[in-house]
Amino acid sequence: MAEARRLQSELASRVQTGPPLDLDRVRFVAGADVSTGDEMAYATVAVLRFPELEVVEVRGAGAPLSFPYVPGLLAFREIPSVAEALSRIETPVDAVIFDAQGLAHPRRLGLASHLGLFLDVPSVGCAKSRLTGRFEEPDRKKGSATDLVDRGEVVGRVVRTRDGVSPVFVSVGNRIDLQSAVDLVLACCTRYRLPEPTRQAHNAANRLRRAGGNQESLF
DNA sequence: GCGACAG
DNA sequence: ATCTTGTCGC
């Protein structure tokens, strides 16, 4: 456990904040999520055409759960399945959005940053709740956002993706700047609180788990 | 020691 | 995350 934290601190130095991502040149965005059972984790990656947000590919993978859920160490529990699902994607994606934190992490290496280090594309962390940092509630209208500050540094943005809904926590995963990460997330939230790629992946992961890992459930 | 704590 | 029916709000 202590060893895992040590590894995070070491890898954190390799995370790249920036450069900005030109959304006008983004063609495909992927979303990744995991559904867990008693002893298995089912991960899926959904690729959507951008900015239309139509699903063009969905891939999944199952892996035995060998690590418990410990706040701050989520990556060690979900990486096996997610990494496998990501490797199965054939579409050349321009960015990946994770249902987790990126730099908004105690040691600056949330799952989105950890996995982002092994991807050659920008990664973004978009979590439904806070892990670390302080913030003020953003205004209730869509697009409003406030800084997420931890130990004196801005580690992310608390973003209202729809009028009145609870805000999401956006942070840099790797190879992208915070502003671009927020813009990408907002561009992916046309109908729901969570970005469409993430929603699609979430639904697919649930189906995959309920189907006991049967890949055909993804179609 | 106490409280907080992604999914 | 997962377990679950009805129900409050736009």
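These legends describe close-up views of a predicted model of a protein with DNA strands. Because the model is predicted, local features need pLDDT of at least 70 and side-chain atom pairs count only at pLDDT 80 or more, while totals for chains, interfaces and linings use all residues. Residues are numbered from 1 along each chain as its sequence is written, chains are lettered from A and ligands numbered from 1 in the order in which they are written, and side-chain values use heavy atoms, with hydrogens and water left out.

**View 1. The residues around DNA strand C.** Ser35, Thr36, Lys128, His202, Asn206 and Arg209 surround DNA strand C, where a residue is near a strand if one of its heavy atoms lies within 4 Å of it. The side chain of Ser35 has an N or O atom 2.7 Å from a phosphate oxygen of this strand, and a polar side-chain atom of Lys128 likewise lies 2.7 Å from a phosphate oxygen of DNA strand C. For Asn206, the distance from a side-chain N or O atom to a phosphate oxygen of DNA strand C is 3.4 Å. Such a pair is a polar contact, meaning N or O atoms within 3.5 Å; within protein, one must be able to donate a hydrogen and the other to accept it, and residues adjacent in sequence count only if both atoms are side-chain atoms. Two elements, β1 (28-36) and α5 (196-210), give two or more residues to this surface, and α5 gives the most, with three residues. Helices (H or I, at least four residues) and strands (E, at least two) are DSSP runs, numbered from the N terminus.

**View 2. The residues around DNA strand B.** Of the 17 residues that surround DNA strand B, the closest are Tyr69, Gly72, Lys128, Ser129 and Arg130. A phosphate oxygen of this strand is 2.5 Å from a polar side-chain atom of Tyr69, and another contact places a side-chain N or O atom of Ser129 2.8 Å from a phosphate oxygen of DNA strand B. Leu74 meets a base instead, with a backbone N or O atom 3.1 Å from a base nitrogen of DNA strand B. Of the strand's atoms within 4 Å of the protein, 54% belong to sugar or phosphate and the rest to bases.

**View 3. Cysteines without a disulfide.** A search of the whole structure finds zero disulfides, a disulfide being a pair of cysteine sulfur atoms within 2.5 Å. The closest cysteine sulfur to that of Cys188 is in Cys189, 6.8 Å away, which is too far for a bond. Cys189 is also in no disulfide, and its nearest cysteine sulfur, that of Cys126, is 6.2 Å away. Cys188 is buried, with a relative accessible area of 0%, and Cys189 counts as buried at 0% as well; buried means under 20% relative accessible area, exposed over 50%, and partly exposed in between (1.4 Å probe, protein chains only).

**View 4. Asn174 in a strand.** Asn174 lies in strand β8, which covers residues 168-174, and counts as buried because its relative accessibility is 1%. Asn174 and Arg5 are 169 residues apart along the chain, and their C-alpha atoms are separated by 19 Å.
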